[in-house]
Protein chains: 2
Amino acid sequence: MRTDLPAAEAQRLVLEAVAPLPPETCATADALGRVLAEPVHSGRTLPPWDISAMDGYAVRATDLGSAPVALPVAFEVAAGSHRDRPLPPGAAARIFTGAPLPPGADAVVRQEDCERDGERVRIRRAASVGEDVRPAGEDVREGERVLEPGTRLGPGPLGLLASLGRSVVVVHQRPRVAILSGGDELVEPDGDVRGGRIVSSNSYSIAAQCREVGAEPVYLGIARDTPEDLARFVRAGLSAHVLVSSAGVSVGDRDYVRPVLEQLGCTLRFWGVRIKPGFPLTFGRFDSRALEGEPGPGPIVFGLPGNPVSAMVTFEQFVRPALRRLAGHRALFRPRISARLGETLAKKPGRLHLVRVRLDREHGEVVATSTGTQSSGVLRSMALAQGLLVFPADADRLAAGETVQVQVLDADFLAAEDSGL
Amino acid sequence: MRTDLPAAEAQRLVLEAVAPLPPETCATADALGRVLAEPVHSGRTLPPWDISAMDGYAVRATDLGSAPVALPVAFEVAAGSHRDRPLPPGAAARIFTGAPLPPGADAVVRQEDCERDGERVRIRRAASVGEDVRPAGEDVREGERVLEPGTRLGPGPLGLLASLGRSVVVVHQRPRVAILSGGDELVEPDGDVRGGRIVSSNSYSIAAQCREVGAEPVYLGIARDTPEDLARFVRAGLSAHVLVSSAGVSVGDRDYVRPVLEQLGCTLRFWGVRIKPGFPLTFGRFDSRALEGEPGPGPIVFGLPGNPVSAMVTFEQFVRPALRRLAGHRALFRPRISARLGETLAKKPGRLHLVRVRLDREHGEVVATSTGTQSSGVLRSMALAQGLLVFPADADRLAAGETVQVQVLDADFLAAEDSGL
């Protein structure tokens, strides 16, 4: 097991260990946010025939050569009509948007350019072949490849799949994340905190981080600080794709997480990343041989630090991109912006710091200011953080006014002030 | 009723008609993405006492004046321990991260600076008062206001609420959106499309657009093209906050939507917006007097065009910001970026065009290129669109290479290529 890794190398090791999950078949109506695991070919031609793009009259363009002309109205065609009556030469058909052109017709004249008079219509101007007609196959042709693997299924692709009659779709499985907390001092949010007990808030923030990235959290509960209890919880999480533990704050002499994981067959890849907050991060993986009777690989495992802020920050840097890759996404990381630093920051060189910052727009630029004390126990600083400023490992000082790089956590910060209409 | 409105004015009228929905009480564990409807005050002081920030030894700083010193180890304090044993003068207590400082202790020496020898510990250096101690109330004090109304409940605020023992929270109600399609030619995705029938894909793309913005879609189904059937469906949607209808493609002579809405008591505010795609957009609102026996206001109503692309684009411009405001969000709009236009675009002046574009990064700038035919029937162009280029109403030409404004639909486009670690 390696230890004391630079942050970028630790992240690389994590991402090398994961690949998109195998495919599953999912109802299209439930597939929002999922990622296509195979290409989609159209089983239909859309529109299936030439259809009208307007309300008006379907004609043969040659019949309008001497416009204005008056033509008899042979019949009416609505959307959804059968395309069974041919248009007689020298006649027009009343037609509506989306309706199939009758055989023989090759143009549509909008109703604004026509005047109806009983059985006849007076058409004021000539039309060219194909005018206001949407040709068959304009949207898609049968057999054509319309969506690529790796496509995120947003409203547009889902509408397209519906229009092709695809009520199921093959997507990457959704990562299932087993979450456990460990520590004799921890209680659930409605628990009794007298006598120094503290709420196991990590499981709640981690579950929310999982949901935001589209993964499915399975909260296992709070393990007591004994190897036996920890082992029982870890076993309960082995059927997940990812196991995330966050230690109680009582690490040190009583940190049983790593020995328990190894005893159960987890190969630990690294422990300790030169990052603050979050140094004690542990990463490993169960392989199939370790799991008696279980087919396939076991979960990858993240042992997050117990401090609430450290747990959230390490989740952001290591767990979140891994979950994105497992779900089949190609874009793994948060948006990153340049910002002007609103205050001077200093640290000892050696570890990369991720500083919780507020972001403000001033005179066309973004100003980043720390959310107050950077103590890793102070959850409020994380609750208020709109971004994480990257303070490089070898730097010891960032001066007020300098340009810095910020990972943007608050998507609303990127929203425009108006729609631009 | 007004008609033929500029796009910006229509959007302003819509947003003036909506305000954040009333509050409801929601389980904190289910509140991800919801918006706080009232401030949150802390019912606790966190940490409740001075606690250790490190594994090490709790001491009186004055006892280390002549360091190195050897002190007897009086007892051990773990996180979650009671704070009942005072530290005798001239002694140290073994302590772990997060554990309460025993009365009398005022500093912690990290274990790296200590050497344990049976009942005693040798401490190599002096410590200042408060060193490696997290003071009581560092995170939050009882009664303090910790979260403001309007805060979006992401993982950070949810973790903070959990740590305060708040298992329920008061948030704005989630908008419920009744969706109906109208048109004799429409079938559900698994329906028979022979004879010119087409899939009602709008209800699927609109439901997905609602879910993406955090609203709850209620799909009412496909109404036939008769006033009676339409009225039946509209009535079924009156208990929602928002009613969204999308006409079949057969509008024109058989568009019953507006007369049916008015007959049921809806006051139409406008019809027809100088926008393409999407001109036939209709907006109105039921007021309480119109609804027999129903308390409170009725829903706001959007009549979207039937064309799949027009429906999605008008949803983006008008329905989405209204849903964001109803849910309590302050940021209503998509991120907007400047991009270089990859091709020359032309149109007649008069209507604002929203052009579906692909976005590519080239030499440090973003290039916007149309996704192909801009025919409003072509759903594929919307499925592939990463943004909507704003082609202003009074312009007739945008030249290749010009700087244009693009509303970004694809959040992944904003993702960084790497984490920046």
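Which residue in β10(B) is the bridge partner of B:Arg116? Take a moment to find it in the structure above, and keep in mind that you're looking at a predicted model. The residue you want is B:Val121.

**A hairpin in chain B**

That bridge belongs to a pair of strands in chain B: β9, residues 114-117, and β10, residues 120-123. They pair in the antiparallel sense, with four bridges between them. Two residues sit between the strands of this hairpin, and B:Gly118 takes a positive phi near 65° there.

**Backbone oddities in the loops**

Glycine isn't alone in having a positive phi here. A:His363 has a phi near 50°, and B:Asp132 has one near 55°; each is a residue other than glycine. You'll find A:His363 in the loop between β24 (352-362) and β25 (365-370) of chain A, while B:Asp132 is in the loop between β10 and β11 (133-134) of chain B.

Are these two exposed or partly exposed? A:His363 counts as exposed because just 6 other C-beta atoms lie within 10 Å, and the cut-off for exposed is 12 or fewer. B:Asp132 has 18 such atoms within 10 Å, so it falls between that cut-off and the 20 or more needed for buried, and is partly exposed.

Next come two cis peptide bonds, each leading into a proline:

| Bond | Omega | Place of the proline |
|---|---|---|
| A:Ala67 to A:Pro68 | about 0° | loop between β5 (56-59) and β6 (69-77) of chain A |
| B:Lys276 to B:Pro277 | about 0° | loop between β19 (266-276) and β20 (282-286) of chain B |

**The domains of chain A**

Now zoom out. Chain A is divided into four pieces: domain 1 (2-22 + 173-326), domain 2 (23-45 + 142-172), domain 3 (51-134) and domain 4 (336-414). Notice that domain 1 and domain 2 are each written as two stretches of the chain. How many Å separate the centres of domain 1 and domain 3 of chain A? Taken over C-alpha atoms, it's 68 Å.

**Where the chains meet**

Finally, let's look at the contact between the two chains. Chain B brings 89 residues to it, and chain A brings 88. On the side of chain B that touches chain A, the elements giving two or more residues include α1 (7-16), α3 (201-212), α6 (308-326) and β28 (403-408). The top contributor is α2(B), with eight residues. Sort that side of chain B by class and you get 41 nonpolar, 30 polar and 18 charged residues.

Notes: Residues are numbered from 1 along each chain as its sequence is written. Chains are lettered from A and ligands numbered from 1 in the order in which they are written. This is a predicted model: local features need pLDDT of at least 70, side-chain atom pairs count only at pLDDT 80 or more; totals for chains, interfaces and linings use all residues. Two strands pair if DSSP finds at least two bridges between them. Domain bounds come from an automatic or database domain assignment. Two residues are in contact if their C-beta atoms, placed from the backbone, lie within 7 Å. Ala, Val, Leu, Ile, Met, Phe, Trp, Tyr, Cys and Pro count as nonpolar, Asp, Glu, Lys and Arg as charged, and the others, Gly among them, as polar.
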